[in-house]
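Visitor: I am new to protein structures and would love a guided tour of this one. Could we take it step by step?

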Amino acid sequence: MISVENLHKNFGSQVALDSVSFTVPKGEIFGFVGPNGAGKTTTIRILATLSQADTGEATVAGIPVGADPAGVRNVIGYMPDFFGVYDRLTSIEYLEFYAACHGVPRRRRAAVAGELLELVDLGDRREAQVDTLSRGMKQRLGLARALVHDPAVLLLDEPASGLDPRARVEMKELIRELRRMGKTILISSHILPELEELCTWVGFIDGGRMAAAGPMAEIRDGVLGGRRLRIELAEMSEGELARAEEVLQSHPGVVAVSRFPDHIEVAVGEQVVDDDLLALLVERRLRVRSFALIPGDLSEVFMRLTRDVRS
Amino acid sequence: MSIWTRVAAGLDNPIVVKEAVSRMRSWRAPVVATVYLSLIGLIGFAFLNLGTAANSYSAGRPVAAVVGAQAFAAMAFFQLVLVCLFSPALAAGAISGERERQTLDVLLVSRVSAFGIVWGKLIASIGYVLLLILTALPLFSVVFLFGGIDFQQFLLSQVITIATALSLASIALFCSALFQRSLPATVASYAASFLLTIGTAVISFLVGASQAVNRVPTSKLQAVQAAQPVVAEWFFNPFYALVTVLQPSPAGRLTARGFSQLLFFGQPESGVVAVGGPQLDPWLITVLFEALLAIAALVGAVLLVRGRRAMRPRRTSEAAAEVSE
């Protein structure tokens, strides 16, 4: 749905983007990860037709960004990292205005605006002046604004920046709902735990260069060397833990076993089926209380990848 | 798309509606209108009273007509002054304000064209000025009852005022697109407004004075020129245009000949003050100049706004060569 190939962009002597390439398949949530100044916003602005790459190609829904920017504008919804609202307009008028700007027929504008306000849970604030809304509400309204023309692709630049925890959770739920509606979503952020929960695909950028991009699990496993499991036994005595460690290490797919006072962590290779490992423990009469996959730490992946890029 | 569909699409500009709603909801809109009407009303009232008291100025005309003409002229001049003050203020923050509010990018990602944005902002700004001019018409009509001013003079005075508002608002829009912030845009707009009004008057006065000092008539032509001490710069001054229109001479009258001059640059009418170049009525030259100024400013503003969007890419090989250098 989104394809970026070898994008280069210089601002004077400063290299903003250096051979940036990635793809985002239809219906996926792509987390665009990088520190401030890495090139995330520059890339998104190029995709949003607000900036022009020096070289390289980018397409959105098969439409080349450089050759047909007007066509691209029809299929994208863009939410910048910072955006303002107009004074003395109500929420419904605000959305109707942007619906008009996106060419939504006059007779449908009110209905579209009303539906979107309900979607972002601002239905009860439709007559509230937009400049009186809280930051979180404005962000949700901004997301609704990006949806007025029902775009297939959403470009969200730091959508959760400056939000309190509750507003972040609401924003995350909203983005998940949009994915269920079939939207392809590109989100830039440097708040990694949030992206980890939300994204299915991920791209890491640092200093204008892509460190890695692809499906989240693939990248994480590739960098961290497989999955990690957390196992808790019903009886956490030294003897039981030692026996469990011995059993786990006997499995050919287990890479490493670490013992902790209250649990065991096991690093396993790609070929290991978790159920087989659990069956092995049960077979050896070890009473397992908990057996779970440890979510990969995206921060660690990011640190390792960017360290490689910088070195 | 037919031309009428295009015209309808141009008028159905969401920015105009949004700006109008937003502006009319602010406390400033009714306050400015009240102050505007009060000042013009006061000026008219003062001149009617003063003129009635000094009835020796009639010079063969009915006193009411003289008083009416004086009051109308004072109100028209004052209205022009107010329009020169309001128009830059209303338009100078139109585009830079979008930038400052961080709403411009969102607008540029929509289907509204750069022309649509500039056009919408112009109509929204000028619309409020037109509203002010419209609300002042009843005040003018009261003075109109005294006589001394005919309908053409009234009409032309309003045409000059509207043309001046349009040109100053267009220049302010250009400044608004040129500068990142509203403050420098406003300063530049007022500088341009100053140059167009007081600047042209000062230059004209200085050039006229210099010519008068140096001119020693040695021929019939130079004698004619000496009798017409109006220099070209005056024609770009809207206040001078208003003077010529409000004079009881036929110089400023709207005639079929005047329009033909506009179209074909014909021969000068008697009483038209210009030496060399196209022979047009002074008001017509002013309005024409202001219209050209407005068009140039608007084209510039559209190009500047369009420049903020991505344009067609350069050829890959050219750009790659630049990067490798």
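Visitor: For residues 261-277 of chain B, how many contacts beyond four places in sequence does the model have?

Guide: Good place to begin, since this is a predicted model and confidence matters. Over residues 261-277 of chain B, pLDDT stays under 50. For that stretch, the number of contacts beyond four places in sequence is 27.

Visitor: And what is that number for residues 312-325 of chain B?

Guide: This is another stretch of chain B where pLDDT stays under 50. For residues 312-325 of chain B, the contacts beyond four places in sequence number 13.

Visitor: Which element of chain B has the highest mean pLDDT?

Guide: Let's start from the whole chain: chain B averages a pLDDT of 78, and 72% of its residues score at least 70. Among its elements, helix α14 (residues 316-324) of chain B has the lowest mean, 39. At the other end, with a mean of 92, is helix α8 (residues 151-178) of chain B.

Visitor: Which element gives the largest share of the side of chain A that touches chain B?

Guide: For the complex, the predictor gives an ipTM of 0.76 and a pTM of 0.76. In the model, 29 residues of chain A are in contact with 26 residues of chain B. On the chain A side, β1 (2-11), α2 (69-75) and α3 (91-101) each supply at least two residues. The largest share, five residues, comes from α3(A).

Visitor: By class, how many residues on the side of chain A that touches chain B are nonpolar?

Guide: We can sort that side of chain A into three classes. Five residues are charged and 10 are polar. The nonpolar residues number 14.

Visitor: Now for the sheet of chain A: which are the edge strands of β2-β1-β4-β5?

Guide: This is an open sheet of four strands with antiparallel pairing, in the order β2-β1-β4-β5 of chain A. An edge strand pairs on one side only. That description fits β2 (14-24) and β5 (63-64) of chain A.

Visitor: Which helix of chain A packs on the sheet, touching β1, β2 and β4?

Guide: First, look at two of the strands: β1(A) and β2(A) pair in the antiparallel sense over seven bridges. You can find Asn10(A) opposite Val15(A) in β2(A). The helix that packs on this sheet has a direction that makes about 115° with that of β1(A). The helix is α1 (residues 40-47) of chain A.

Visitor: In the hairpin of β9(A) and β10(A), which residue in the turn has a positive phi?

Guide: The two strands, β9 (residues 201-206) and β10 (residues 209-215) of chain A, pair in the antiparallel sense over six bridges. Within that pairing, the bridge partner of Val202(A) is Gly214(A). Two residues lie between the strands. The turn residue with a positive phi, about 60°, is Gly207(A).

Visitor: Through how many residues does a hairpin join β12(A) to β13(A)?

Guide: Strand β13 (residues 264-268) of chain A pairs in the antiparallel sense with β11 (residues 227-233) of chain A over five bridges, and Arg228(A) has Ala267(A) as its bridge partner there. Five bridges also join β12 (residues 254-259) of chain A to β13(A), again antiparallel. In that pair, Arg259(A) stands opposite Ile264(A). The hairpin joins β12(A) to β13(A) through four residues.

Visitor: Are α5(A) and α6(A) roughly parallel or roughly antiparallel to each other?

Guide: The axes of α5 (residues 135-146) and α6 (residues 165-180) of chain A come within 10 Å and cross at roughly 15°. Residues that meet here include Gly136(A) and Leu143(A) in α5(A), with Ala167(A) and Leu174(A) among those in α6(A). The residues of this contact divide into four nonpolar, two polar and two charged. Angles under 35 degrees count as roughly parallel, so α5(A) and α6(A) are roughly parallel.

Visitor: In the contact of α7(B) with α13(B), how many residues are nonpolar?

Guide: Helices α7 (residues 114-144) and α13 (residues 282-306) of chain B pack at an angle of about 130°, with axes 8 Å apart, and are therefore oblique to each other. Among the residues that meet are Phe115(B) and Leu122(B) in α7(B), and Val302(B) and Arg306(B) in α13(B). The contact has one charged residue and no polar ones, and its nonpolar residues number nine.

Conventions
Residues numbered from 1 in each chain as written. Chains lettered and ligands numbered in written order. Predicted model: local features only at pLDDT ≥ 70, side-chain atom pairs only at ≥ 80, totals over all residues. Axes fitted to C-alpha atoms, helices over the stretch in contact; angles between N-to-C directions. Parallel < 35°, antiparallel > 145°, perpendicular 65-115°, else oblique. Contact = placed C-beta atoms within 7 Å. Nonpolar A, V, L, I, M, F, W, Y, C, P; charged D, E, K, R; others polar. pLDDT = per-residue confidence, 0-100. Pairing = 2+ DSSP bridges.
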